[in-house]
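Hi,

Here is the structure I promised to pass on. Have a look at it first, and then read my notes below.

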Amino acid sequence: MDAPTQITERAELRDYLAAERTFLAWIRTGLALMGFGFVVARFGLFLQQLRFIDQTPATPSYGVSLWFGTALIAVGVVVNLSSAWRHIRMVRELHQGKLTDSGSLQQAVATAVFLALVGLAMAIYLVSVRASVSFQSEGREEKSMAATTKTGIINKPSSHSVEQTVEMLKNILQSKEVALFALVDHSGEAEKVGMKMRPTKLLIFGSPKAGTPLMLAAPSIAIDLPLKVLVWEDDQGKAWISYNSPDYLRERHGLPQDLLQNIAVVETLAARAGE
């Protein structure tokens, strides 16, 4: 008597469709990971381009974002490959009429945990980058609002109003017995002709004892003497102190190095008045 033939029943159509939907869902997850990874990887380059346009020196490294992005892209590739392998195995089991644990739960949990860890690391990284950029930006603003290599002008912030800063400058000049030749109130003159201008005042000061040796060494420096300090207010109501860089004046007129101290007093004056 022949042995009974074992008939294997294939799974129903809805089981195949469910497996296909699961497979497509994981494919979308993998593509999303790769796309997001590309954006994260480009984030560091984007920050570098911003700092380059801003002409900021000593650009810090943003390579961490590249590693984050690469890791996400790699995980997206792994998710797609593992999903394809699981789908093939599931279809074979459905053909045989049996279905074992596909491991979908483990893969989903592992992916979720990985994304949570990457998200936490990225949040910490972005906060640190923002704090670093903000600190450097504030530091640059406190030191100078504009580069001095081309214009020769140094801008330093003042902790006081324009009027208070001017009074402090006058008192310092008087204490050092430096003559204040003129105080030009540009904003006041503008008001006289019916025009509105933020507080802007120019102090012209100097000492023949310090200025004469300069003009004897380089007569052209008489164009920039007496020394000048401009106190003005920006759009945010903050007062600034502007003056010609002593190094710029020395190079412009070819002054001897030993006479630099005769014009360097303007830096000390601006620093004390802005405190």
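This is a predicted model, so please read everything below with that in mind. Let me start with the sheet. It is an open one, built from five strands in the order β1-β5-β4-β3-β2, with antiparallel pairing. The edges are taken by β1 (153-157) and β2 (179-185); each has a single partner strand, so one side of each is left without a neighbour in the sheet. On average, neighbouring strands are turned by 20° against each other, direction ignored.

For the wider setting, the protein chain has eight helices and five strands. Along the sequence they follow the pattern α-α-α-β-α-β-α-β-α-β-β-α-α. Of the 275 residues in the protein chain, 32% are buried. If you take the contacts between residues at least 6 apart in sequence, 68% of them join residues at least 24 apart.

Now a walk across the sheet, strand by strand. Strands of a sheet pair through backbone hydrogen bonds, either parallel or antiparallel.

- β1 and β5: these run antiparallel and are joined by five bridges. If you want a pair to click on, I154 has Y243 as its bridge partner in β5.
- β5 and β4: four bridges join β4 (residues 227-233) to β5 (residues 239-244), again antiparallel. Here E233 is partnered with A239 of β5, and L230 with S242 of β5.
- β4 and β3: six bridges hold this antiparallel pair, and L203 finds its bridge partner V229 in β4.
- β3 and β2: this pairing is antiparallel too, over six bridges. A179 has G206 of β3 as its bridge partner.

The turn between β4 and β5 is worth a look as well. Five residues lie between the strands of this hairpin, and G237 takes a positive phi near 85° there.

How buried is strand β3 (residues 200-206)? Seven of its seven residues are buried, so β3 is largely enclosed by the rest of the structure. In a regular strand the side chains alternate between the two faces of the sheet. In β3, T200, L202, I204 and G206 point one way, while K201, L203 and F205 point the other way, and all are buried. Note that K201 is in that buried set. β5 is mostly covered as well, with five of its six residues buried.

On to the helices. Helix α4 (residues 162-175) packs with helix α8 (residues 261-274) at an angle of about 130°, and their axes are 9 Å apart. The two are therefore oblique to each other, and their crossing is right-handed. From α4, the contact uses T165, M168, L169, I172 and L173; from α8, it uses L269, R272 and A273. By type, the residues of this contact are six nonpolar, one polar and one charged.

Just before α4 you will find H160, in the loop between β1 and α4. What does H160 touch, leaving aside its neighbours within four places in sequence? The answer is T165, M168, A239, A273, G274 and E275. Several names there should look familiar: T165, M168 and A273 also take part in the contact of α4 with α8, and A239 is the bridge partner of E233. H160 and W240 are 80 residues apart in sequence, yet their C-alpha atoms are 9.0 Å apart in space. H160 is partly exposed, with a relative accessible area of 25%.

Two backbone details to finish with.

First, L225 and P226 are joined by a cis peptide bond, with omega about 0°. P226 is in the loop between α6 (208-217) and β4.

Second, E177 has a positive phi of about 60° although it is not a glycine. You will find E177 in the loop between α4 and β2. Is E177 buried or exposed? At 73% relative accessibility, E177 counts as exposed.

If you open the model, I would start with β3 and its two neighbours in the sheet, β4 and β2, and then turn to H160 and its contacts.

Cheers

Note on methods:
Residues are numbered from 1 along each chain as its sequence is written. This is a predicted model: local features need pLDDT of at least 70, side-chain atom pairs count only at pLDDT 80 or more; totals for chains, interfaces and linings use all residues. Side-chain values use heavy atoms; hydrogens and water are left out. Two strands pair if DSSP finds at least two bridges between them. Axes are lines fitted to C-alpha atoms, for helices over the stretch in contact, and angles run from 0 to 180 degrees between N-to-C directions. Angles under 35 degrees count as roughly parallel, over 145 as roughly antiparallel, 65 to 115 as roughly perpendicular and the rest as oblique. A crossing is left-handed if the near helix is turned anticlockwise from the far one by less than a right angle, and right-handed if clockwise. Contact means heavy atoms within 4.5 Å. Ala, Val, Leu, Ile, Met, Phe, Trp, Tyr, Cys and Pro count as nonpolar, Asp, Glu, Lys and Arg as charged, and the others, Gly among them, as polar. Buried means under 20% relative accessible area, exposed over 50%, partly exposed in between (1.4 Å probe, protein chains only).
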